[in-house]
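Here's a quick briefing to read with the structure open beside you. Have a look around it first, then work through the points below.

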Amino acid sequence: MTTTLTVSDETRKLIADVKQWALKVVRPAARAADVCGFPMTREEMLEECPIDISPFAFGFLDLNDKKLLETKPWLNALLLDGKSNVAARLVEAISYGDGWPLTYFPNAGIAETLISALGTPEQIDKYVGGIARGEYSLSGWAMTEESGGNDVASIKTTAIRDGDEYIINGTKRFLSNGAFVDWAVVFATIDPAARMAGIRAFIVEKGTPGFHFTIEAEKKLGMRYNRQGAYSFENCRVPAANFLKGKHDGSETIAALSMFNRSRPYCSAQAVAAAQAAIDYAYDHLAGRNGLAQTDRWRRMELEFAELKHVLEEQRQLIYRSAWLTDNGYPEIKEAAQAKVHAPRVAEAVILRCMQLMGPEGISEAHLLEKWYRDVRLCDIVEGTSHIQKMVISRQLLGASAARA
Ligand SMILES: Cc1cc2nc3c(=O)[nH]c(=O)nc-3n(C[C@H](O)[C@H](O)[C@H](O)COP(=O)(O)OP(=O)(O)OC[C@H]3O[C@@H](n4cnc5c(N)ncnc54)[C@H](O)[C@@H]3O)c2cc1C
């Protein structure tokens with residue numbers, strides 16, 4: 001098993017190939033993605049891509065499946081260096097081009113991870129397999145409501161059992177893939193007084209009577225490629241067969257939250273990659289500026305670029321450490337929150353400084369720095385704000401658990 005410091009030559013080559021693809025295919029489409037969401041079809045995106053499964057989905061791959069490894073030999077990297085370790089590094093390689101493909105790869109959704117962990121074989125085949133086979137395109141994951149996202153125990157959407165069905169009522173907001181989903185895993189309470197223990201998850205298909213898209217895509221600061229929508233449920237009847245079973249005691253919610261532990265560092269990997277891209281872009285741009293390279297000012301700038309690289313490297317090590325813990329079966333709650341808490345803000349400060357170093361050109365839409373700056377602002381919010389990460393860390397340090405709160 002790998003350490004956090006190094007990966008095998010095979011994995012290093014895979015990462016380099018993905019980075020090259022990201023520079024050739026992803027970055028040139030970044031500006032279009034900022035305007036219209038996904039700027040090409042999934043087939044076009046994957047045509048030259050060395051990987052065809054989302055790094056977010058590595059956690060539920062069965063690496064003992066010989067057929068899978070025969071058809072996708074690149075997955076050998078996961079056997080050599082660990083699923084989370086390789087995933088974090090590939091998220092970074094993709095995001096170095098731009099972040100837009102991250103939610104567009106097949107099975108990129110948290111919903112698929114949740115169904116893979118808790119679903120029946122029929123649910124897994126129909127919904128997770130259905131996306132891999134191209135029968136469905138995009139999934140949704142609906143936890144957040146108008147009143148908040150982090151306080152899951154306060155979910156107001158209800159699910160009442162009625163014979164072989166559940167009747168869902170309520171509203172959800174800020175949901176990735178907006179009105180473009182084919183189905184969504186929806187969190188609702190069967191007993192509001194039971195708080196966390198009352199939360200259950202249901203698969204709801206687009207077109208189910210009573211399931212409405214009330215906002216197609218929010219207008220927002222950054223990550224515009226990842227469109228967020230809102231749902232409402234009005235007496236929406238869902239077959240009991242679509243209930244994600246777990247242990248019937250609310251453990252599915254806790255499992256869902258523990259999945260955030262694994263994916264939180266990927267938000268940071270995205271932020272770090274955007275900041276690295278900004279450093280490299282600004283450096284190359286300024287190095288090519290007429291006469292600047294011969295000046296004292298350039299030598300001072302070079303020292304500053306070195307310092308910016310150093311602060312990013314610190315964040316990278318927190319990400320790799322958290323991934324290593326996951327791969328080796330250790331608890332990673334505190335370390336995952338530590339990997340999430342600072343990286344987006346460090347990345348934001350790094351990109352801002354790169355924009356300043358480029359002068360007024362730094363904020364021009366002729367370059368991508370202003371887009372990356374807006375995108376990393378959202379890395380701080382998605383999957384739990386930095387305030388919430390600090391609470392997670394302090395609870396772990398004090399030995400308290402979220403369940404006791
Ligand atoms: C790009 C993007 C994609 C998203 N995709 C999805 C999705 O697909 N599905 C989904 O369900 N959600 C999604 N979300 C929502 C996201 O998960 C939530 O926004 C995030 O978890 C933060 O929750 P919140 O914004 O509701 O903040 P809240 O929970 O409302 O918290 C806001 C602030 O209140 C403070 N606070 C909250 N609780 C406490 C406390 N107990 N003590 C002290 N202070 C507190 C903190 O400062 C916190 O930052 C997405 C959001 C974004 C930006």
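**What sits around the ligand**

By class, the shell around the ligand is made of ten nonpolar, nine polar and one charged residues. Keep in mind that you're looking at a predicted model. In total, 20 residues surround the ligand, and the closest are Trp141, Met143, Thr144, Gly149 and Thr385.

**Polar contacts with the ligand**

- Let's start with Thr385: one of its polar side-chain atoms sits 2.7 Å from an oxygen atom of the ligand.
- Ser176 uses its backbone instead, with an N or O atom there lying 2.9 Å from an oxygen atom of the ligand.
- For Phe174, a polar backbone atom is 3.1 Å from a nitrogen atom of the ligand.
- How much of the ligand's accessible area does the protein cover? On its own the ligand has 980 Å² of accessible area, and the protein covers 68% of that.
- Two or more shell residues come from each of these elements: strand 1 (139-142), strand 3 (165-176) and helix 14 (386-398).

**Helix 14, end to end and side to side**

- Helix 14 has 13 residues and spans 18 Å from its first C-alpha to its last, close to the 18 Å expected at 1.5 Å a residue.
- Which residues of helix 14 are buried? They're Ser386, Gln389, Val392 and Ile393.
- These buried residues are on the same side of helix 14 because they cover an arc of only 110° around the axis.
- Now flip to the face turned away from that buried side, and you'll find the exposed residues His387 and Leu398.
- Following helix 14 comes Gly399, which has a positive phi, near 80°.

**Helix 12, for another look at a helix**

- Helix 12 covers residues 343-357, so to speak 15 residues in a row, and reaches 21 Å from its first C-alpha to its last, close to the 21 Å expected at 1.5 Å a residue.
- Its buried residues are Ala343, Pro344, Ala347, Glu348, Val350, Ile351, Cys354, Met355 and Leu357.
- Just after helix 12, you'll meet Gly359, with a positive phi of about 70°.

**Ile215, a residue in a strand**

- You can find Ile215 in strand 6, which runs over residues 211-215.
- Is Ile215 buried or partly exposed? Its relative accessibility is 26%, so Ile215 counts as partly exposed.
- Between Ile215 and Val341 there's a separation of 126 residues in sequence, and their C-alpha atoms are 29 Å apart in space.

Notes: Residues numbered from 1 in each chain as written. Heavy atoms only, no water. Near = heavy atom within 4 Å. Polar contact = N/O pair within 3.5 Å; in protein donor to acceptor, adjacent residues only side chain to side chain. Areas by Shrake-Rupley, 256 points an atom, 1.4 Å probe, with all protein chains shown as cover. Helix = DSSP H or I, 4+ residues; strand = E, 2+ residues; numbered from the N terminus. Nonpolar A, V, L, I, M, F, W, Y, C, P; charged D, E, K, R; others polar. Expected span 1.5 Å × (residues − 1). Buried < 20%, exposed > 50% of the residue type's maximum accessible area, 1.4 Å probe, protein only. Arc of directions from axis to C-beta.
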